[in-house]
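Let's work through this model one question at a time. Have a look at it first.

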Amino acid sequence: LIQDIRVKTREGMKKTIAQGKAAGGLAYGYRVKLEYDVKGERIPGLREIESKEAEIVRWIFQEYANGKSPTALAVELNKKNIPGPRGIKWRDTAIRGHRNRGSGILNNVQYNGRLLWNRNSYKKNPLTETRTSTINDQAVWQIKEVPELRIIDDQLWARVKQRQIENEKLFSRTTTNKLNKSHRPRYLLSGLLECAHCGGPYAIMAKGRYGCTNRQKKLPIDMLGGIVCTNSKTILRSE
């Protein structure tokens, strides 16, 4: 029964994309388009550009293409009191995302006038209840051109993609670059330590010391009333 429901759901989503409608949640920069059928019922899956948020999206793409980091962009947006996706504070991860998986502001192809579905597959481990994702072969991706939803032109989109690729190549060549956190070696306590003040992760900062990554990034924390974490305590890895 569950498998049957899963198959029907996927077929329905595939049909929705083919019709130029969104099959997922509402992305930043868009709002639900209110359009009704002959029965007076709202047609689901329709989107239209939200002008104010769209300007923020364009600004993010332009500034990133010009050399600013996602962290610097998040800090600047928060200083200007501009609400992020879902109304929360901006985080660098919400901007950066993951290029190959299509997550994050800089990787949402909808901004480039395309709807993309079935890029990733998700499976849940029944023992740990954790969900893992894998990237599907491009042959099974479902892509629909939706020029009416375009926010970023092809030239700017290409500039951002080129800078992402250049950064990835740079980071893959060195383990000493301060931005290359994803290539740091994993330690015994990686992912297990939390800041007692803000609840954020404690990770290796420098010279074998753990520290609060939220404080390091200097990004406002909602649970602290929108201020940066003040916990400057670091702990030696040996301790």
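Q: Does glutamate 35 count as buried, partly exposed or exposed, and what is the relative accessibility?
A: This is a predicted model. Buried means under 20% and exposed means over 50%. Glutamate 35 falls in between, so the label is partly exposed, at a relative accessibility of 34%.

Q: Which residue forms a salt bridge with glutamate 35?
A: The closest N and O atoms of the pair are 3.5 Å apart. A salt bridge needs such atoms within 4 Å, so this pair qualifies. The partner is itself partly exposed, at 31% relative accessibility. That partner is lysine 33.

Q: About how many helical turns separate glutamate 55 and arginine 58?
A: These two residues form a salt bridge, with the closest N and O atoms 2.6 Å apart. Glutamate 55 is partly exposed at 48%, and arginine 58 is partly exposed at 30%. An α-helix has 3.6 residues a turn, so residues three or four places apart point the same way. Because glutamate 55 and arginine 58 are 3 residues apart in helix α2, the separation is about one helical turn.

Q: Which residues are joined with glutamate 76 into one salt-bridge network?
A: Start with one pair: the side chains of glutamate 76 and lysine 68 meet in a salt bridge at 2.7 Å, N to O. Salt bridges that share partners then extend this into one network. Besides Glu76, the network holds Glu63, Lys68 and Lys80.

Q: Which helices are included in what covers the buried residues of α3?
A: Helix α3 spans residues 70–79. Its buried residues include Leu73, Ala74 and Leu77. Their cover includes α2, α4 and α6.

Q: Is asparagine 231 buried or exposed?
A: Asparagine 231 sits in the loop between α6 and β9. Its relative accessible area is 17%. The cut-off for buried is under 20%, so asparagine 231 is buried.

Q: Which side chain makes a polar contact with the side chain of asparagine 231?
A: The side chain of asparagine 231 also reaches the backbone nitrogen of lysine 233, at 3.0 Å. The side-chain partner lies at 3.1 Å. It is tyrosine 202.

Q: What is the area of the nonpolar surface patch that includes Leu26?
A: Leucine 26 lies in the loop between α1 and β1. At 45% relative accessibility, leucine 26 counts as partly exposed. With Val32, Leu34 and Tyr36, Leu26 makes a nonpolar surface patch of about 390 Å².

Key. Residues are numbered from 1 along each chain as its sequence is written. This is a predicted model: local features need pLDDT of at least 70, side-chain atom pairs count only at pLDDT 80 or more; totals for chains, interfaces and linings use all residues. Side-chain values use heavy atoms; hydrogens and water are left out. Helices (H or I, at least four residues) and strands (E, at least two) are DSSP runs, numbered from the N terminus. Buried means under 20% relative accessible area, exposed over 50%, partly exposed in between (1.4 Å probe, protein chains only). A polar contact is a pair of N or O atoms within 3.5 Å; within protein, one must be able to donate a hydrogen and the other to accept it, and residues adjacent in sequence count only if both atoms are side-chain atoms. Patches are made of residues with over 30% relative accessible area and no salt bridge: like charges are joined within 9 Å, nonpolar side chains (Val, Leu, Ile, Met, Phe, Trp, Tyr) within 5 Å. Accessible areas come from the Shrake-Rupley method with a 1.4 Å probe; for residues, only the protein chains shown count as cover. Contact means heavy atoms within 4.5 Å.
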